[in-house]
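Trainee: I am new to this structure and would like a close look at a single part, the sheet. Could you walk me through how the sheet is put together and what packs on it?

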Amino acid sequence: MAVTTSQTRTVLERFPAGHPRGSWPADEYAAAQRAQGRDAHVVMDLGSDQFLVVTDTAH
């Protein structure tokens with residue numbers, strides 16, 4: 001069963017997946033954004049081979 005949403009995500013920052021520390025820089029950036037009150041989380045964009053820090057709300 002496929003789920004479709006009309007929710008728009010805003011990309012706050014991009015980090016290369018090939019980084020020696022993996023997703024840690026993206027995770028750290030997302031944590032800093034959450035500490036400032038922004039609902040941020042990390043997703044993987046397979047097409048661009050990047051970790052994206054996104055928010056479901058416009059900033």
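Mentor: Happy to; here is the sheet, piece by piece. This is a predicted model, in which local features need pLDDT of at least 70 and side-chain atom pairs count only at pLDDT 80 or more, while totals for chains, interfaces and linings use all residues. Residues are numbered from 1 along each chain as its sequence is written, and side-chain values use heavy atoms, with hydrogens and water left out.

Along the chain from the N terminus, the elements follow the pattern β-α-β-β; here helices (H or I, at least four residues) and strands (E, at least two) are DSSP runs, numbered from the N terminus. The three strands make an open sheet in the order 1-3-2, with antiparallel pairing; two strands pair if DSSP finds at least two bridges between them. At the edges lie strand 1 (10–16) and strand 2 (40–45), each pairing on one side only. On average, neighbouring strands of this sheet are turned by 30° against each other, direction ignored; axes are lines fitted to C-alpha atoms, for helices over the stretch in contact, and angles run from 0 to 180 degrees between N-to-C directions.

Now look at strand 2 and strand 3 (residues 50–55): six bridges join them in the antiparallel sense. One pair to find is Ala40, whose bridge partner in strand 3 is Thr55. Helix 1 (residues 24–35) packs on this sheet and touches strand 1, strand 2 and strand 3, where contact means heavy atoms within 4.5 Å. The direction of helix 1 makes about 155° with that of strand 2.
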